[in-house]
Amino acid sequence: MNQNDNTIKNVCVFCSSRDSIAPVYGEAAVELGEMLGQRGVRVINGAGSTGLMRIIADAVMRTGGTACGVIPRFMVESGVCYDSMTECIEVETMHERKQLMSAMSDAVVALPGGYGTLEELLEIITWRQLELYNKPVIVLNTNGFYDPLMAMFDRAVEQNFIRSDNRGLFIEARTPAEVLSVLF
């Protein structure tokens, strides 16, 4: 799934908007953001003003990349939009947000997160399965966060709920450097 450097210009990052998480997750987001920013990549995320969303946006912008947030109007009105991003696109619905983020991207990377991140990750994997999204999907498994989900996927394959060839619809990376090795 390794891509040519010229093809990856826009990376969608699904991740947490929570601040009260272990520092190891923020450190990985900074490292990934800096690596992407140094390559001039535009990171697309949900425009959250907190958590890993803000951390990766800041790291990307600080090191030469751009950060584009896509956020539904109701979230802007509730005051959670990070207005210091390079660009912010307001949409009507969560579904429109996910469609636009994926359409704008050359790849997706999922960092650790909660319900929203998990939902986005599973939807993009499903889109890969249905051939609606034919670009790289990478799960950054920082600190083993996704180990239980990977075990669940393996169990689903073992019990024939997921075809074994579909287990390869995404790549698991343990470090930001591994993410870059898949993308570039």
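Asn143 is exposed, with a relative accessible area of 56%. In this predicted model, that value lies above the cut-off of 50% over which a residue counts as exposed. Asn143 belongs to the loop between strand 6 and helix 6. Its backbone deserves attention as well: the phi angle of Asn143 is near 60 degrees, a positive value in a residue that is not glycine. Most residues other than glycine have a negative phi.

A second asparagine invites the same kind of description. Asn160 has a positive phi of about 65 degrees, although Asn160 is not a glycine. This residue is found in the loop between helix 6 and strand 7, the strand that spans residues 171–173. With a relative accessibility of 68%, Asn160 counts as exposed.

The loop that holds Asn143 also contains Phe145, which takes part in an aromatic contact. A search of the whole structure finds three aromatic pairs. In one of them, Tyr25 and Phe145 meet edge-to-face, with 6.0 Å from centre to centre and 80 degrees between the planes. This pair links distant parts of the chain, for Tyr25 lies in helix 1 (residues 23–38) and Phe145 in the loop between strand 6 (137–140) and helix 6 (147–158), 120 residues apart. The ring centres of Phe145 and Tyr146 are 4.9 Å apart and their planes stand at 90 degrees, so this pair is edge-to-face. Tyr25, Phe145 and Tyr146 form one aromatic cluster.

How buried or exposed is each member of this cluster? Tyr146 has a relative accessible area of 1% and is buried. Tyr25 is buried too, at 15%, because the cut-off for a buried residue is under 20%. Phe145, at 32%, is partly exposed.

Another ring has a charged neighbour. The charged end of Arg39 sits over the ring of Phe184, at a distance of 4.1 Å from the centre of that ring.

The description now turns to the helices and the spaces beside them. Helix 4 covers residues 94–104, and its buried residues are Arg97, Lys98, Met101, Ser102 and Met104. Viewed down the axis of helix 4, these buried residues fall within an arc of 165 degrees, so they line one face of the helix.

Two residues of that buried set, Lys98 and Ser102, also appear in the wall of an enclosed space. The search of the whole structure finds one cavity of 30 Å³ or more. The largest cavity holds about 40 Å³ of space. Which residues line the largest cavity? They are Phe14, Lys98, Ser102, Glu120, Glu123, Ile124 and Trp127. Two elements, helix 4 and helix 5 (115–129), give two or more residues to this lining. Helix 5 gives the most, with four residues. By class, the lining of the largest cavity is made up of three nonpolar residues, one polar residue and three charged residues.

Helix 4 and helix 5 also contribute to an open space, since each of them supplies at least two residues of the lining of the largest pocket. The largest pocket has a volume of about 330 Å³. Of the 21 residues that line this pocket, Cys15, Ser17, Met53, Met75 and Gly116 are the closest to its centre. Helix 5 again provides the largest share of the lining, in this case five residues. The lining of the largest pocket comprises six nonpolar, ten polar and five charged residues.

A final residue comes from helix 5, which contains Thr117. Is Thr117 buried or exposed? At 4% relative accessibility, Thr117 counts as buried. Thr117 and Ala57 are 60 residues apart along the chain, and their C-alpha atoms are separated by 16 Å.

Taken together, these features give helix 5 a part in both linings: the greatest contribution to the largest cavity and the largest share of the largest pocket. The loop between strand 6 and helix 6, in turn, holds both Asn143 and Phe145.

Definitions and conventions:
Residues are numbered from 1 along each chain as its sequence is written. This is a predicted model: local features need pLDDT of at least 70, side-chain atom pairs count only at pLDDT 80 or more; totals for chains, interfaces and linings use all residues. Side-chain values use heavy atoms; hydrogens and water are left out. Buried means under 20% relative accessible area, exposed over 50%, partly exposed in between (1.4 Å probe, protein chains only). The arc is that of the directions from the helix axis to the C-beta atoms. On a 1 Å grid over the protein atoms alone, a cavity is a set of points where a 1.4 Å probe fits but cannot get out, and a pocket is an open set with protein on both sides within 12 Å along at least five of seven lines; lining residues have an atom within 4 Å of a point. Grid points are joined across faces, edges and corners, and a volume is the space filled by probe spheres set on the points. Ala, Val, Leu, Ile, Met, Phe, Trp, Tyr, Cys and Pro count as nonpolar, Asp, Glu, Lys and Arg as charged, and the others, Gly among them, as polar. Rings of Phe, Tyr and Trp (its six-membered ring) pair if their centres lie within 6.5 Å; planes under 30 degrees apart count as stacked, over 60 as edge-to-face and the rest as tilted. A charge sits over a ring if NZ of Lys or CZ of Arg is within 6 Å of the ring centre and within 35 degrees of the ring normal.
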